[in-house]
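This note is offered to a colleague who is meeting the structure below for the first time. The numbered points that follow may be read alongside the sequence and the model.

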Amino acid sequence: MASETPASRGEMRASNADREAVVQRLQEAAGEGRIDFTELTERVDQALAAKTYAELDPLIADLPVSQVAPPTEPLAVDGGKYGNSRTGRWQVPERISAHGGWGGVKIDFSEVDCRLPVIDVEAHGQQAGVTLVIPEGWAAQVGEMEPGLGGFKDKTTAHREPGTPLLRLSGTGGMGGVVLRHPNAWERRKLRRKG
């Protein structure tokens, strides 16, 4: 009886995790400027439809191995009694929760180098509120935000530049409210002095 020969890698079936890993690398490559939006869309469609490694591997064969750090643990920022902030250069995780507490919270993305395609932010204004500052060119989905008594204000432009993260915002304004905005004039001057 003849023994079966093992399938080559190309003939082996790809898993959902394999497809997702290729999609993530393609998104990173678009963020790095290696492929444009049209090519990203085409390759992602092919990756999601791929059944074998032979269909999947060529989609990233011309890209260098990813240098992006693995996703970090979710970040929780709590205003507590005295307030809390995350500013300057810091590593952005895929998930962030912010609770204004009695002191308020400010999360400023102006100086971060972020290659994530999507950042999920859950913001609860509570008593003192939450302020989120995103660079020009970033955009946000805010349909899951409830205004609460303090309200929710989106002062950002809708324009999203290719390769920038999308902030997916959810939560409630509470008493203090939640504000989403771009850097103000003072913050822009400060950024120019640093640059």
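1. With which residue does R115 form a salt bridge? The partner is D113, and the closest N and O atoms of the pair are 3.8 Å apart. R115 is partly exposed, at a relative accessible area of 37%, while D113 is exposed, at 59%. The reader should bear in mind that this is a predicted model.

2. The search of the whole structure finds 10 salt bridges. One of them joins E187 to K106, with 2.7 Å between the closest N and O atoms. E187 belongs to helix α4 and K106 to strand β4, so this pair ties together parts that are 81 residues apart in sequence. E187 is buried, with a relative accessible area of 6%, whereas K106 is partly exposed, at 25%.

3. E187 also takes part in a salt bridge with R181, where the closest N and O atoms are again 2.7 Å apart. R181 counts as buried, at 15% relative accessibility. Helix α4, in which E187 lies, covers residues 185-194. With neighbours within four places in sequence left aside, the contacts of E187 are K106, D108, V133, R181 and H182. The side chains of E187 and K106 also make a polar contact, at 2.7 Å.

4. D108, one of the contacts of E187, merits separate attention. This residue is found in strand β4, which spans residues 105-108. D108 is buried and yet has no salt bridge. The nearest side chain of opposite charge is that of K106, at 4.4 Å; a salt bridge would require a nitrogen-to-oxygen distance within 4 Å. The side chain of D108 does have a polar contact of 2.5 Å with the side chain of S110. Not counting residues up to four places away in sequence, D108 touches R86, T87, G88, W90, V133 and E187.

5. W90, which D108 touches, leads to the nonpolar interior. The largest nonpolar core has 24 residues, and those with the most contacts inside it are W90, V92, I96, I107, F109 and I119. Strands β1 (75-78), β3 (95-99), β4, β5 (118-124), β6 (130-133), β9 (166-172) and β10 (178-181) each supply at least two residues of this core. Strand β5 gives the most to this core, with 3 residues. Leaving aside neighbours within four places in sequence, W90 is in contact with L75, I96, I107, D108, F109 and V112.

6. Apart from this largest core lies another core, of 14 residues, including A14, V23, A30 and L63. Two of these names, V23 and A30, recur among the buried residues of helix α1.

7. Helix α1 runs through residues 16-31 and has 16 residues. From its first C-alpha to its last, α1 reaches 23 Å, close to the 22 Å expected at 1.5 Å a residue. Its buried residues are R19, V22, V23, R25, L26, E28, A29 and A30, and these pack against α2 (37-49) and α3 (53-56). After α1 comes G33, with a positive phi near 85°.

8. A final remark concerns charged residues in and around α1. R25 and E28, both listed among the buried residues of this helix, are linked with E32 and R34 in a network of salt bridges.

Note on methods: Residues numbered from 1 in each chain as written. Predicted model: local features only at pLDDT ≥ 70, side-chain atom pairs only at ≥ 80, totals over all residues. Heavy atoms only, no water. Helix = DSSP H or I, 4+ residues; strand = E, 2+ residues; numbered from the N terminus. Polar contact = N/O pair within 3.5 Å; in protein donor to acceptor, adjacent residues only side chain to side chain. Contact = heavy atoms within 4.5 Å. Expected span 1.5 Å × (residues − 1). Buried < 20%, exposed > 50% of the residue type's maximum accessible area, 1.4 Å probe, protein only. Lys, Arg positive; Asp, Glu negative; His and termini not counted. Core = buried A, V, L, I, M, F, W, Y, C linked by side-chain atoms within 4.5 Å.
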